[in-house]
Amino acid sequence: MSMQDRFSFDTQSRLPGLSFDTVRTTVLSTAKEHDLPVVINTDREIQIETDYGNYSFLRQGTESSVQVGSTRADWLYVLKESLGDTIAHLSPDTASKIMWSDAQESAGCLPPNFQFITVQEVRQIPGGFLRVVTEAETLAHFTTDAIHFRLALPTPELAYPEWPYLSETGATVWPTGAATLHRPVYTVRELDAKTGRLVFDVFEHDGGRATEWARSATPGSRVGITGPGGGGIPQTEAITIYSDETGYPAVARLLAALGPEARGRVLLEHTTPDSKSYPLPDHAGIDVLHHPAVSNLDLADVAIAEMGAFADHMIWFASEKKAAQKLRAHIKAAGLSPKDHYIAAYWTRPAS
Ligand SMILES: Cc1cc2nc3c(=O)[nH]c(=O)nc-3n(C[C@H](O)[C@H](O)[C@H](O)COP(=O)(O)OP(=O)(O)OC[C@H]3O[C@@H](n4cnc5c(N)ncnc54)[C@H](O)[C@@H]3O)c2cc1C
């Protein structure tokens, strides 16, 4: 079945200067790395399946082309962006020549996964967080499979912010220089798809640009977001959760969404005792414990020390980048698959 027959949204582009054999080697290794099914693999076509839709790469004489298909316009866009990044690593020249067949109709428009949110209220909540209540244009695509989004914050000094748009080739043009947007990831803490109400909690930390923005935002303030994206609620019955403050809103989503049969434990790292009062829903099968960040064991060390005790549990881990890397490396060295767990870097400590 062709991409057009299978998917409601599809597009294609030539990949000038890139041979089919080079593309096939890259696609096969990417599919292996990310565990993506290869559904066609011949000397004319290689097709892979992703959660968002399919990529089909075709031999075109000495070069190649790609077709992308998806059931949703925003997913098609995400697939195109992701392919653009991969091709840019492989051959920047080819990446600059990609011309999507659907580009003309959208040239000059905002990217499909970009929208504006309008602040209704910002208030302090227990735990050292600012709760930001906003109204989004549409939340139709925010599902439990994707609970995160990126803010798009202009530099506060800028009188006239610039926003991204789609070029005539279909590429996203992001503002640069002084107009560059700051794009940290946040978690949807609450949403109401009918009214567009989107609530998120910002952990206040010194020097944080999102913190500064939230402190100064007033009803009517308008910023951009992109999304949704990222890992959602895992389907599991046994789970051990480790998180520092940046992951508390996601932990709250998990506790609210895990089924009644779920059992496990949450260990929350805190930089100040105040963080322990962050509001979390109760779950009868899941205990919540606290761990001071000043201990001589960082969160990754704790998770590693406890792995034997929770061997049949999925590990859900959200913390600083080095801790996430340490745990991921340990899991691989132990012969386990990081894919069976969620191990994510939620922020990066600057090199000292
Ligand atoms: C999937 C995902 C979901 C997330 N959800 C949330 C959420 O719901 N709420 C939330 O508060 N955060 C969340 N985060 C973390 C958030 O994106 C980062 O903390 C981000 O750096 C915040 O941007 P900023 O503008 O505040 O800081 P920046 O301006 O980007 O950074 C300024 C300085 O602050 C430091 N910094 C960043 N985070 C912290 C921190 N937690 N403690 C101390 N120093 C820090 C940086 O290293 C840098 O030196 C999430 C991250 C991911 C990947």
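How many bridges pair strand β2 with strand β3, and in which sense do the two strands pair? The first legend below gives the reply, and the others take you on to the sheets, the domains and the ligand. Please keep in mind that this is a predicted model.

**View 1. Strands β2 and β3 make a hairpin.**
Strand β2 covers residues 38–41 and strand β3 covers residues 45–50; they pair in the antiparallel sense over 3 bridges. Between the two strands of this hairpin there are 3 residues. To find your way from one strand to the other, start at Asn-41, whose bridge partner in β3 is Ile-46.

**View 2. The protein chain is assigned three parts: domain 1, domain 2 and domain 3.**
Follow the chain and you meet domain 1 at residues 3–101, domain 2 at 114–229 and domain 3 at 238–347. The C-alpha centres of domain 1 and domain 3 are 35 Å apart.

**View 3. Seven strands line up in an open sheet with antiparallel pairing.**
You can read the strands across this sheet in the order β11-β8-β14-β6-β7-β13-β12. At the edges are β11 and β12 (190–192), each of which pairs on one side only. Neighbouring strands here are turned against each other by 40° on average, with direction ignored. For a look at one pair, take β7 (residues 129–136) and β13, which run antiparallel and are joined by 7 bridges. Within this pair, Val-133 has Val-199 of β13 as its bridge partner.

**View 4. A cis peptide bond leads from Gly-227 to Pro-228.**
The omega angle of this bond is near 10°. In general, most peptide bonds are trans. Pro-228 belongs to strand β14, which spans residues 222–229.

**View 5. Another open sheet has 5 strands with parallel pairing.**
Here the order is β17-β16-β15-β18-β19. The edge strands, β17 (286–292) and β19, each pair on one side only. From one strand to the next, the twist averages 10°. Strand β16 (residues 263–270) runs parallel to β17, and 7 bridges join the two. Look for Val-266, which stands opposite Val-288 in β17.

**View 6. The ligand lies between domain 2 and domain 3.**
Why is the ligand placed between these two domains? Domain 2 (114–229) and domain 3 (238–347) both give residues to the shell around the ligand, so it lies between them. There are 22 residues around the ligand, and those that come nearest are His-182, Val-185, Phe-203, Ala-210 and Thr-348. By type, the shell divides into 11 nonpolar, 8 polar and 3 charged residues.

**View 7. Thr-187, Arg-209 and Ala-210 each place an N or O atom by the ligand.**
In the side chain of Thr-187, an N or O atom is 2.9 Å from a nitrogen atom of the ligand. The side chain of Arg-209 has an N or O atom 2.8 Å from an oxygen atom of the ligand. With Ala-210 it is the backbone that takes part: one of its N or O atoms lies 2.8 Å from a ligand oxygen atom. Taken alone, the ligand exposes 930 Å², and the protein buries 82% of that. Four elements give two or more residues to the shell around the ligand: β11 (185–187), β13 (197–203), α6 (209–216) and β19 (342–347).

Conventions
Residues are numbered from 1 along each chain as its sequence is written. This is a predicted model: local features need pLDDT of at least 70, side-chain atom pairs count only at pLDDT 80 or more; totals for chains, interfaces and linings use all residues. Side-chain values use heavy atoms; hydrogens and water are left out. A residue is near a molecule or strand if one of its heavy atoms lies within 4 Å of it. A polar contact is a pair of N or O atoms within 3.5 Å; within protein, one must be able to donate a hydrogen and the other to accept it, and residues adjacent in sequence count only if both atoms are side-chain atoms. Accessible areas come from the Shrake-Rupley method with a 1.4 Å probe; for residues, only the protein chains shown count as cover. Ala, Val, Leu, Ile, Met, Phe, Trp, Tyr, Cys and Pro count as nonpolar, Asp, Glu, Lys and Arg as charged, and the others, Gly among them, as polar. Domain bounds come from an automatic or database domain assignment. Two strands pair if DSSP finds at least two bridges between them. Axes are lines fitted to C-alpha atoms, for helices over the stretch in contact, and angles run from 0 to 180 degrees between N-to-C directions.
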